[in-house]
Amino acid sequence: MEKARIMDSKAVMRAVTRISHEIVEKNKGIENIFIVGIKTKGIPLAKMIAKKVSEIEGGNVISDFIDITRYRDDITHDKIRDTVDESFSLDVEGKTVILVDDVLFTGRTIRAAMDYIIDNGRPSMIQLAVLIDRGHRELPIRADYVGKNVPTSRTESVQVKFEELDGEDAVIICDK
């Protein structure tokens, strides 16, 4: 049940623009950076950020996505065996990898994504960009780039919608 609509499409785009400028500024350009979306909702956000960063810098930033299912700590090994391992196509050795996800909550998804990346090479740095940071961390993980901090209770959920998948860009708080 929808409780509050906290971001509309314009607010989402403003957050993407701000995050993109911060990425360019912190990394002094786009040389040697990869933007990597975490499946599912991190993928459209990563595409939006990559497009905006490319526009800002007048170049082409490399982006890809990862499926961290095999690295999750909340799925049994029997279920993991049945998942398809989609090959990661980027050589991360010595690069700055910017992981992108829609919502940062407990930190477990990001831990799994870092494990995935490190198993595929040794980046010089891993940074994290999220649209929403809702708190409630279970692991010592923080985002380098945040669209919006949204304090929530554990009885609420945050739904991020993207035009590409849901027909609109929006962020909604719901009761569970």
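Visitor: How many bridges join strand E7 to E8?

Guide: In this predicted model, strand E7 covers residues 156-161 and runs antiparallel to E8. One of the pairs places Glu156 opposite Asp175 in E8. Another pair has Ser157 with Cys174 of E8 as its bridge partner. The number of bridges that join E7 to E8 is six.

Visitor: Which residue in E8 is the bridge partner of Glu2?

Guide: Strand E1 comprises residues 2-7, and its pairing with E8 is antiparallel, over four bridges. Glu2 belongs to this stretch, and its bridge partner in E8 is Cys174.

Visitor: Which strands are the edge strands of the open sheet?

Guide: The sheet consists of three strands in the order E1-E8-E7, with antiparallel pairing. An edge strand pairs on one side only, and this holds for E1 and E7.

Visitor: By what angle are neighbouring strands of this sheet turned against each other on average?

Guide: The strands in question follow the order E1-E8-E7. With direction ignored, the average turn between neighbours is 25°.

Visitor: How many of the six residues of strand E8 are buried?

Guide: Strand E8 spans residues 170-175 and is mostly covered. A residue counts as buried when its relative accessible area is under 20%. In E8, the number of residues that meet this condition is five.

Visitor: What distance does helix H4 reach from its first C-alpha to its last?

Guide: Helix H4 covers residues 108-119, twelve residues in total. At 1.5 Å a residue, the expected value is 16 Å. The helix comes close to that expectation, with a reach of 17 Å.

Visitor: Why are the buried residues of H4 on the same side of the helix?

Guide: The buried residues of H4 are Ile110, Ala112, Ala113, Tyr116 and Ile117. They lie on the same side of H4 because the arc they cover around the axis is only 160°.

Visitor: Which residues are exposed on the other side of H4?

Guide: The buried residues of H4 pack against strands E2 (33-38), E3 (62-66), E4 (96-104) and E5 (125-133). A residue counts as exposed when its relative accessible area is over 50%. On the other side of H4, the exposed residues are Ile118 and Asp119.

Visitor: What phi does Gly121 take?

Guide: Gly121 is found just after H4. Its phi is positive, with a value of about 145°.

Technical notes: Residues are numbered from 1 along each chain as its sequence is written. This is a predicted model: local features need pLDDT of at least 70, side-chain atom pairs count only at pLDDT 80 or more; totals for chains, interfaces and linings use all residues. Side-chain values use heavy atoms; hydrogens and water are left out. Buried means under 20% relative accessible area, exposed over 50%, partly exposed in between (1.4 Å probe, protein chains only). Helices (H or I, at least four residues) and strands (E, at least two) are DSSP runs, numbered from the N terminus. Two strands pair if DSSP finds at least two bridges between them. The expected span of a helix is 1.5 Å times one less than its number of residues. The arc is that of the directions from the helix axis to the C-beta atoms. Contact means heavy atoms within 4.5 Å. Axes are lines fitted to C-alpha atoms, for helices over the stretch in contact, and angles run from 0 to 180 degrees between N-to-C directions.
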